[in-house]
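Got your viewer open? Load the model, switch to a cartoon view, and let's take a walk through it together.

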Amino acid sequence: MVMKLNHKVEFCGAERKFQRCPNKTLKDYQKTIDEIQDKLMPLAERTRDFQFRLTELEDEMKAIDKHIELLEKLDDASDDEIRECIDLTKDKVRLQKEIHELRIQNDEAEKEDREFYEELDKTLRKNYGEFASKIFKDFDASEIEEADSTDLTIAPQLGQLYRLATSGCKQKDIDKLYTKIIQDSFR
């Protein structure tokens with residue numbers, strides 16, 4: 001028995017009807033997407049480490065501020081307490097400089113990565129277009145250039161939508177997954 005594919009999704013400005021494609025195409029597409037994500041991991045880890053260090057330094061500055069505030073409230077501060085306040089102020093200035101330098105380093109790294117991100121974006125879009133041309137009837141790979149933000153949210157999940165469409169489910173199940181993918185992107 002040959003199953004007809006009548007399921008559709010909105011993609012790149014039109015309602016697209018699924019067509020059958022070889023399982024190897026699905027696997028190759030997923031492999032390509034995974035490889036691209038692997039290339040992004042070091043950048044994501046660097047960003048995470050930057051955020052962690054920045055939070056750490058800011059927390060340290062808050063603690064210093066509280067300590068200074070307590071010392072300033074003393075009516076009759078001793079010489080040691082005044083020196084401690086001066087030392088804490090110096091520490092705070094040092095931390096502020098460190099935070100500033102850290103932000104400059106991160107900005108420079110992001111500038112250097114911009115070209116890398118642009119290349120990855122081109123590669124991703126090309127792969128999305130090629131894959132979409134295989135799973136949708138009457139879709140030309142170049143149409144991916146018309147993609148909007150919703151299309152680019154759906155594109156990485158096209159394999160999942162395709163598998164659902166070919167599993168014999170109802171159109172409402174496809175629509176439900178499509179909506180869930182969009183909603184999850186806002187979290």
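Here is a short tour of some helices and a group of rings. Keep in mind as you click around that this is a predicted model.

**Stop one: a helix of 57 residues.** Select residues 79–135, which make up helix α2. From its first C-alpha to its last, α2 reaches 78 Å, close to the 84 Å expected at 1.5 Å a residue. Now click on D113: α2 bends there by about 35°.

**Stop two: its partner.** Keep α2 on screen and add residues 23–72, helix α1. How do these two run relative to each other? The axes of α1 and α2 come within 9 Å and cross at roughly 165°. Angles over 145 degrees count as roughly antiparallel, so that is the label for α1 and α2. The contact between α1 and α2 has 25 nonpolar, 8 polar and 17 charged residues. Try colouring by residue type to see that mix. As for handedness, α1 passes α2 in a left-handed crossing.

**Stop three: another pair.** Select residues 158–166 for α4 and residues 171–184 for α5. Their axes come within 10 Å, with a crossing angle of roughly 165°. That makes α4 and α5 roughly antiparallel too. Here, α4 passes α5 in a right-handed crossing.

**Last stop: the rings.** Show side chains for F11, F18, F136, F139 and Y162, which ring pairs link into a cluster. Across the model, the count comes to 7 aromatic pairs.

Technical notes. Residues are numbered from 1 along each chain as its sequence is written. This is a predicted model: local features need pLDDT of at least 70, side-chain atom pairs count only at pLDDT 80 or more; totals for chains, interfaces and linings use all residues. Side-chain values use heavy atoms; hydrogens and water are left out. Helices (H or I, at least four residues) and strands (E, at least two) are DSSP runs, numbered from the N terminus. The expected span of a helix is 1.5 Å times one less than its number of residues. The bend at a residue is the angle between axes fitted to the seven residues ending there and the seven starting there. Rings of Phe, Tyr and Trp (its six-membered ring) pair if their centres lie within 6.5 Å; planes under 30 degrees apart count as stacked, over 60 as edge-to-face and the rest as tilted. Axes are lines fitted to C-alpha atoms, for helices over the stretch in contact, and angles run from 0 to 180 degrees between N-to-C directions. Angles under 35 degrees count as roughly parallel, over 145 as roughly antiparallel, 65 to 115 as roughly perpendicular and the rest as oblique. A crossing is left-handed if the near helix is turned anticlockwise from the far one by less than a right angle, and right-handed if clockwise. Ala, Val, Leu, Ile, Met, Phe, Trp, Tyr, Cys and Pro count as nonpolar, Asp, Glu, Lys and Arg as charged, and the others, Gly among them, as polar.
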